[in-house]
Amino acid sequence: MFYVPLDALYLDALCELWNRELGERFPMRPELLRQNSLEDRNVLQAGSWIAMDAVARRPVGFVVAKCWQEQLDVQLGKGVGWIQALLVDRNDRGQGIGSELLARAERALRQRGVQKIWLGRDPYHYFPGIPVESPEVSAWFAARGYRLLEPLENDLLCRYSDQDDQKSVPLPQVADGRFRLLAADDKDAFLSFLHRCFPGRWEYEAIHYFQRGGTGREFVVLERQGEIVGFCRINDAKSPFIAQNVYWAPLFARELGGIGPLGIDPAHRGSGLGLALVQAGIAMLRQRGIQQIVIDWTALVDFYAKLGYSSWKQYAKYSKELV
């Protein structure tokens, strides 16, 4: 066994490895692996490695570590690092490969001043934690100092009937306001709204959205007196990059849509606008002919159950303090 730095040269082989191990639950596409694990500017090269079989000269495991490295007026966590993925071929487990990959990732993160490591939850993440259907993975990380935090995170799913008339799904009505899709010339006002009300990850994701050529069709906004006071992100196959709530679209025979994140200006909360925003996002996707929609990374199961959504996948949150 020998180890080489993470490199796009091995993209197809790593995708094949992922799908052998996880493809039935989380099918990987080369374009998604490239987007999230190779092109993200926060990938820490010194902590991202591939384990190679010395005889077959093929990858049998890999780890991707990240820490904040972008030059943006936004911060996703000072002193925080992430293990985006750590995977070893089941036929090669029990030889210390995973432990060696993790040690290399942790060492590089520590050298960059990271004080706390999250499993998943990274910029361009795959998971907000460890899938609960993999208890052996949770036990493996727990034995290496990672601590479970509550509550569980959820991906929610709702399927709409063929009999539903999606083209005539109405937008909800709210007093003194209207829902509409964001336009390209709303960019500065929208980013200012996010910077003021939701600095951090949601602002970061919107900045990247526009950097990747987004035109606004992925954001439903609530406007009052000409001012944006709320938003809901919607995604489909035409979005400018693969968004987190449609990562696992290959599991579905028909096009998958995604809802979230969403937020309301604190000055306008408390009157049901959040639920109305979700309904507006659903209506927009349904008008595009989408019959199955995922809401990702949320603990608000009861809130979304009001609209017919239920838990589809669950994730356990794990972190580790570096001393």
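In the predicted model, a polar atom of the side chain of Gln 292 lies 3.4 Å from the backbone oxygen of Glu 255. Gln 292 itself belongs to strand E12, which covers residues 292-298. Its relative accessibility is 8%, and because residues under 20% are classed as buried, Gln 292 counts as buried. When neighbours within four places in sequence are left aside, the contacts of Gln 292 comprise Leu 157, Cys 158 and Arg 159, together with Phe 252, Arg 254, Glu 255, Leu 256 and Gly 257. Glu 255, whose backbone oxygen lies 3.4 Å from the side chain of Gln 292, is thus also found in this list of contacts.

The protein to which this residue belongs contains eight helices and 13 strands. Its radius of gyration is 20 Å, close to the 20 Å that the globule rule gives for 323 residues, and the protein is therefore as compact as a globular protein of that length. Taken along the principal axes, the box filled by the C-alpha atoms has dimensions of roughly 65 × 45 × 35 Å.

Of the 323 residues in the protein, 57% are buried, and Gln 292 is one of the residues that count as buried. Among contacts with a separation of 6 or more, 76% are made between residues that stand 24 or more positions apart. The accessible surface amounts to about 14,300 Å², and carbon and sulfur atoms contribute 49% of this area. With regard to charge, the protein carries 39 positive and 39 negative side chains, and the centres of these two sets are 3 Å apart.

How values were computed
Residues are numbered from 1 along each chain as its sequence is written. This is a predicted model: local features need pLDDT of at least 70, side-chain atom pairs count only at pLDDT 80 or more; totals for chains, interfaces and linings use all residues. Side-chain values use heavy atoms; hydrogens and water are left out. Helices (H or I, at least four residues) and strands (E, at least two) are DSSP runs, numbered from the N terminus. The radius of gyration is taken over C-alpha atoms; the globule rule is 2.2 Å times the number of residues to the power 0.38. Buried means under 20% relative accessible area, exposed over 50%, partly exposed in between (1.4 Å probe, protein chains only). Contact means heavy atoms within 4.5 Å. Accessible areas come from the Shrake-Rupley method with a 1.4 Å probe; for residues, only the protein chains shown count as cover. Lys and Arg count as positive and Asp and Glu as negative; His and the chain ends are not counted. The place of a charge is taken as NZ of Lys, CZ of Arg, CG of Asp or CD of Glu. A polar contact is a pair of N or O atoms within 3.5 Å; within protein, one must be able to donate a hydrogen and the other to accept it, and residues adjacent in sequence count only if both atoms are side-chain atoms.
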